[in-house]
Amino acid sequence: MAAARAHDLRTVLTGDDIARATRRIAHEIVEKAKGASDLVLLGIPTRGVSLAQRIGLAISEIEGIEVPVGALDITLYRDDLRLQPPRALESTLIPAGGIDGRTVVLVDDVLFSGRTIRAALDALNDVGRPAAVRLAVLVDRGHRELPIRPDYVGKNIPTSGLEQVHVRLVETDGADSVEISSAREA
Amino acid sequence: MTAYVFRGVRPYGEAAVDIVVVDGVITELAAPGTGVGEVIEADGLIALPGFVDLHTHLREPGREDAETIESGSQAAALGGYTCVHAMANTDPVADTAGVVEQVWRIGREVGLVDVRPVGAVTVNLDGRALAEIGAMAGSAAAVTVFSDDGRCVHDALLMRRALEYVKAFGGVVAQHAQEPRLTENAQMNEGVLSGRLGMVGWPAVAEEAIIARDVLLAEHVDSRLHACHVSTAGSVEVIRWAKSRGVDVTAEVTPHHLILTEDLVETYDPVYKVNPPLRRTEDVLALRAALADGTIDALATDHAPHPHEHKDCEWGAAAMGMLGLQTAFSVVMETMVEPGLLDWRGVADRMSVQPARIGGVATQGQPIAVGSIANIVVIDPDAHWTVVPAALASKSSNTPYAERTFPGVVVHTMHAGRPTVIGGALA
Amino acid sequence: MRHLLSAGDLDRDAALLILDTAAEMAALSDRSVKKLPTLRGRTVVNLFFEDSTRTRISFELAAKRLSADVINFAAKGSSVSKGESLKDTALTLEAMGADAVVIRHWDSGAPYRLAHADWIGGSVVNAGDGTHEHPTQALLDAYTMRRHLRDGTGALEGVRVGIVGDILHSRVARSNVLLLQTLGAEVTLVAPPTLLPIGIEQWPCDVSYDIDAVLPNVDAVMMLRVQAERMQDAYFPTAREYSRLYGLDGERMRLLPEHAIVMHPGPMNRGMEISAEVADSARAVMVEQVANGVSVRMAVLYLLLGGAKELGE
């Protein structure tokens, strides 16, 4: 975030918006999957994991059963490793039941180029063989560079390439919000 | 008749004169501007008797890729030397009259410095049987200094015999003091740093124990002993004690042991690998004090050229030794003169008079005075220079002082009345 | 981090980053598909001037699990009968495009020299140099201690470690002393005085000649291999006397606190520094040390090669 210069911070989702969006996504997931029995939610660290847990909680409230929630770190599968200094790894936590034959919903905060999801699909491939993989994101900001499309979206937010999307969540940032900063060229 | 005049030079840094040299001899110390002859400008510079090195490795015969008598002589002249003692550890070893005569003869042909061969004490430096010391002493080279340098004459009985035997020829045994069992595969000074770096240590006691033994042997058989490249504070104490007892012992110290310390080994750069190894700061300070008070009689370079590939490698595989001839004076300047430990007469004594006396070279180490043979070095104490390894005259470039800027520049050197270096370049 | 040459080069954060990364690597290694694409297209050379099958295999496996191409270059020889020089070997590897060179060499400082002599451009990992250091061994030892002590919380502050044996010739001991000090552990070295380096009193650790006095107060004891040949150089009179005074047998093992573990970098000299009873006991974590070695080396290779080369070096 520090990269953003001269910001015009503009709030696009409030805490209430985020709560409504995650609950709606939970409903859509259940509806599409015709229940929650085969679902596994895997969040992509860091904020995707928090979102997955929230969605998981919402689904269990709706359906009355526990949905396995895990984390899938994609660092070692990234295609831009050589462009930056080595990154510290985040935890990968695959729920005890595994993912074979299940419907895996990948959860991330922002969908942008699609490269993260490409890496996640590769990572998933090394973990097991799901029956289906879906994608849930809180924000889709466009600018896709790969043929990847989300199944569940909290909010579509058209952005310019220069803008930055800041997702803040209670678990990691102390509060819930989504803001856009327009980083002007220096 | 050939006449030269060092115009306006200050012998020993004292009052300016014209030193007039005619046919190899100083004939007059004239008032500045009045001497007659081919003028060598030396206005305000300092004249000292030409330096004498007791410890030079010229590598010829055998390793002419590292150094030759010619290239080594050039380096010596550029360093202000008019005489060098060529160590015996050549290939073949200088352990016969034939080898020492050959070295001596080539040295004369090159003619830049007196090349005085050192004869081996034992055959092939093996430490088992005495070499033909008498034949080398009686040869045209008239060898007086005998040394197995590079190796220690560690057998006490053999050392005793050598000390006794050289008495008949007025010779001296120059001992490379290194107890071999205590220094097997040794890589650096033994201490905290060697323990941390995981290097086999070369303990100070391995030098001190041999020097202690040898001064007692020299006393017992009433002979002369010279201790090569003394490197530790403990050795200084032993020598001081021996001299106080009246033992006929002399000692030398190298320039690098006056200025470099063991912490350089942390770079693992083999340019700092030398035998005896670089020691602690305490040792360096003790050696400077000992050279100042005369406990250590002479500076000796232990100039040890090595081909590039013997240094451009890992530490353990590298050869020991470093160049010294062209940097020796500057090191003395920085470590002894500038701190006030030696004045110019002191420098003349430690770099010329004493080494000439120890080496028994009557034609060297003579004072800047009428009637002396004209072995003269003229230096500029106020100038500085930066060491560029490739620019040194030696065929090798293993100087530990690359890119280092030193005080003190050798401007002119005259060997037996003939200019060998003029204006810092070979004449 | 460009190279890993000495455990002393790692500050606390760097050491913990490696150890934490190793923990993630270990978790990934439990999967059916163990291979990760991370270092695809990168070349790791194992340059071993000394035989060490276990260390070489460990690095090889680590590199392969990260999809690096691995070249094993056994440059056999000794300092006496040298084959190709280190420099020429290095230039060859550079020409082949090695991104990292994992080097085991008999000469202390050879990895440092390789990294600093302008012979190669890639990263250098010290896999054991002479009697100097073996940083990945120290890392895997620390990793193993983190898993077993303090309920696996990973905190080694105040943990007491005894290292027993031929300290003088041990690169494992040197690296462990440095790393464990960085991580806040307290180390006591135990050896006969002949097998302790001069100046050891200035090392950041305690020293004892008495193993029985040390064992009741440690959380981990690390037994070092002692080569029987050492007695020819008068380091100790006989193997039997060494074993009696400094070996870890069942009786001594019972002096250890209940929770303490027994470690050994291998290969073990059963009957010399460690008895079979101890080596096969539940406290012994040697097999686990080997497995942890792969994870730690994966972490090191990832952190050295997994990102862009640092600028300005």
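Here are some numbered notes on chain B, its two domains, and the contacts that chain C makes with chains A and B.

1. First, a word on what you're looking at: this is a predicted model. Keep that in mind as you go through the points below.

2. Let's start with chain B on its own. Its secondary structure adds up to eleven helices and 19 strands. The radius of gyration of chain B is 20 Å, close to the 22 Å that the globule rule gives for 427 residues, so chain B is as compact as a globular protein of that length. If you lay the C-alpha trace of chain B along its principal axes, the spans come out at about 65 × 45 × 45 Å.

3. Now split chain B into its parts. The domain assignment gives domain 1 (3-46 + 373-426) and domain 2 (49-359). Notice that domain 1 is written as two stretches, 3-46 and 373-426, so trace both of them when you colour the chain. The C-alpha centres of domain 1 and domain 2 of chain B sit 26 Å apart.

4. How many residues does each domain of chain B put into the contact between them? Domain 1 of chain B brings 37 residues and domain 2 of chain B brings 48 residues. Together these two domains bury about 3400 Å², with 62% of that on carbon and sulfur atoms.

5. The domain contact in chain B has charged and polar links too. Two salt bridges are counted between domain 1 and domain 2 of chain B. You can look up B:E334 and B:R404, which form a salt bridge with their closest N and O atoms 3.2 Å apart. The rule also finds 20 residue pairs in polar contact across this interface, both residues being at pLDDT 80 or more.

6. Which strands build the domain 1 side of that contact in chain B? β16 (376-386), β17 (405-415), β18 (418-422) and β19 (425-426) of chain B each supply at least two residues. β17(B) gives the most, with nine residues. By class, the side of domain 1 of chain B that touches domain 2 of chain B has 20 nonpolar, 13 polar and four charged residues.

7. Next, step over to where chain B meets chain C. Chain B puts in 21 residues and chain C puts in 19 residues. The area buried between these two chains is about 1600 Å², and carbon and sulfur atoms give 52% of it.

8. What holds your eye at this interface may be the charged pairs. Three salt bridges are counted between chain B and chain C. In one of them, the side chains of B:D269 and C:R113 meet at 4.0 Å, N to O. Eleven residue pairs are in polar contact across the interface of chain B and chain C (both at pLDDT 80 or more). The side of chain B that touches chain C has eight nonpolar, six polar and seven charged residues.

9. Finally, look at chain C against chain A. Here 19 residues come from chain C and 18 residues from chain A. About 1600 Å² is buried between chain C and chain A, 58% of it from carbon and sulfur atoms.

10. How many salt bridges cross the interface of chain C and chain A? The rule finds one, and A:D126 meets C:R31 in a salt bridge at 3.9 Å, N to O. Five residue pairs are in polar contact across this interface, both at pLDDT 80 or more. On the chain C side, α1 (12-29) and α11 (286-305) each supply at least two residues, and α1(C) has the largest share, five residues. The side of chain C that touches chain A has nine nonpolar, five polar and five charged residues.

Note on methods
Residues numbered from 1 in each chain as written. Chains lettered and ligands numbered in written order. Predicted model: local features only at pLDDT ≥ 70, side-chain atom pairs only at ≥ 80, totals over all residues. Heavy atoms only, no water. Contact = heavy atoms within 4.5 Å. Buried area = accessible area lost by both parts, 1.4 Å probe. Polar contact = N/O pair within 3.5 Å; in protein donor to acceptor, adjacent residues only side chain to side chain. Helix = DSSP H or I, 4+ residues; strand = E, 2+ residues; numbered from the N terminus. Nonpolar A, V, L, I, M, F, W, Y, C, P; charged D, E, K, R; others polar. Domains from an automatic or database assignment. Rg over C-alpha atoms; globule rule 2.2 N^0.38 Å.
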